[in-house]
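I opened this notebook page to look up which charged side chains pair with one another, and where those pairs sit.

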Amino acid sequence: MIDPRLQTLRVLHERGTVTATAEALHLTPSTVSQQLRQLSARLGLELLEPVGRKVRLTPAALALVEHADALFVRWEEARADLAGYADGVAGQLRITGVATAITGVIAPAAARLREELPRLSVEIGEDPDENRFELLLAGRADIAVVIPAPGGPLPGSRLRPSRELPPSDDARFVQQPLLEEPQDLLVPAGHRFAARAAQGVALAEAGAESWIRAGDPADQHQLLLSACATAGFTPRVRHHAVDWYAVAALVAHGFGICLVPRLAPVPQRYPVVRVPLRGEPLPLRRFVTAVRRGSERRPPIARALAALRAAAGEREAKGV
């Protein structure tokens, strides 16, 4: 078994403060501080040094984190090998993912697992305010379904902001493509594009429109900007909303049009029309799965990843 205090040190390296580390690990700050003092005493090295009211890792602690990362990869691989001596399909598995991923692939995959593996308990969480890679790192999730989005790293962290990917070569995680989700236009029922819902419209035709920044700004707004730039214009964003009911209300009342993911539900109570986009390149959201490296061979995780891929394949066969 790996000393759990190494995990505490790894999470502190990510989160930057004792308080944030305690929140991530569901511990008290005093417990985190005590664990780190004990680890420091056992090694005979100073692992932390004060910086104002905060602490930072010493060079020795940074070296220890690198070794701990490698140890945890090996531990996940060992757990995967040992699972082969049991039936490997019992216990608890937690999947975290963005809302439309839950709608489109996670819920159907979990339903399939429930039928095939009745002894495996699957817990699903959207976790909108969490960095899903930190959930993996802290052991609070086993699989994350996320959307790559541009953005810089968090200050003092090797991870990127919530719902964004760390570098693809980060040795602590295995990241695999899962699904490509097209974007549609959402317009009022009386809009000039509404009558063309059957054949679709080119995004470049919407350059003079007023736009609503719709959905999660961590990915949807960046996608809107990049898609419109590729189409040759900068969108005039007048309003913004995250909840799709609020978005649909703004569109229905003529405040603008927006991009809407194919998996996002559009409330039927509002007079709005979903219009497919045509032409190349089409704006897409890309979902990827991420797990702790080495854990992908553990039977419950391997079966869950296979179920996610099957659900994604069914969605793509239907045009998402």
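The entries below go from the count of salt bridges to single pairs and then to a network.

I note at the outset that this is a predicted model, in which local features need pLDDT of at least 70, side-chain atom pairs count only at pLDDT 80 or more, and totals for chains, interfaces and linings use all residues. Residues are numbered from 1 along each chain as its sequence is written, and side-chain values use heavy atoms, with hydrogens and water left out.

Entry 1. I looked up the total and found 22 salt bridges (a side-chain nitrogen of Lys or Arg within 4 Å of a carboxyl oxygen of Asp or Glu).

Entry 2. I looked up R5, which forms a salt bridge with D3, the closest N and O atoms lying 2.7 Å apart. R5 is buried at a relative accessible area of 15% (buried means under 20%, exposed over 50%, partly exposed in between, with a 1.4 Å probe and protein chains only).

Entry 3. I turned to E76 and R292, whose closest N and O atoms are 2.7 Å apart in a salt bridge. E76 lies in helix 4 (residues 59-83) and R292 in strand 12 (residues 284-292), so this pair ties together parts that are 216 residues apart in sequence (helices, H or I with at least four residues, and strands, E with at least two, are DSSP runs numbered from the N terminus). Both E76 and R292 are buried.

Entry 4. I then checked R278 and E205, whose side chains meet in a salt bridge at 3.4 Å, N to O. R278 is partly exposed at 41% relative accessibility, and E205 is partly exposed at 29%.

Entry 5. Lastly, I recorded that E76, D142, R292 and R298 are joined into one network by salt bridges that share partners.
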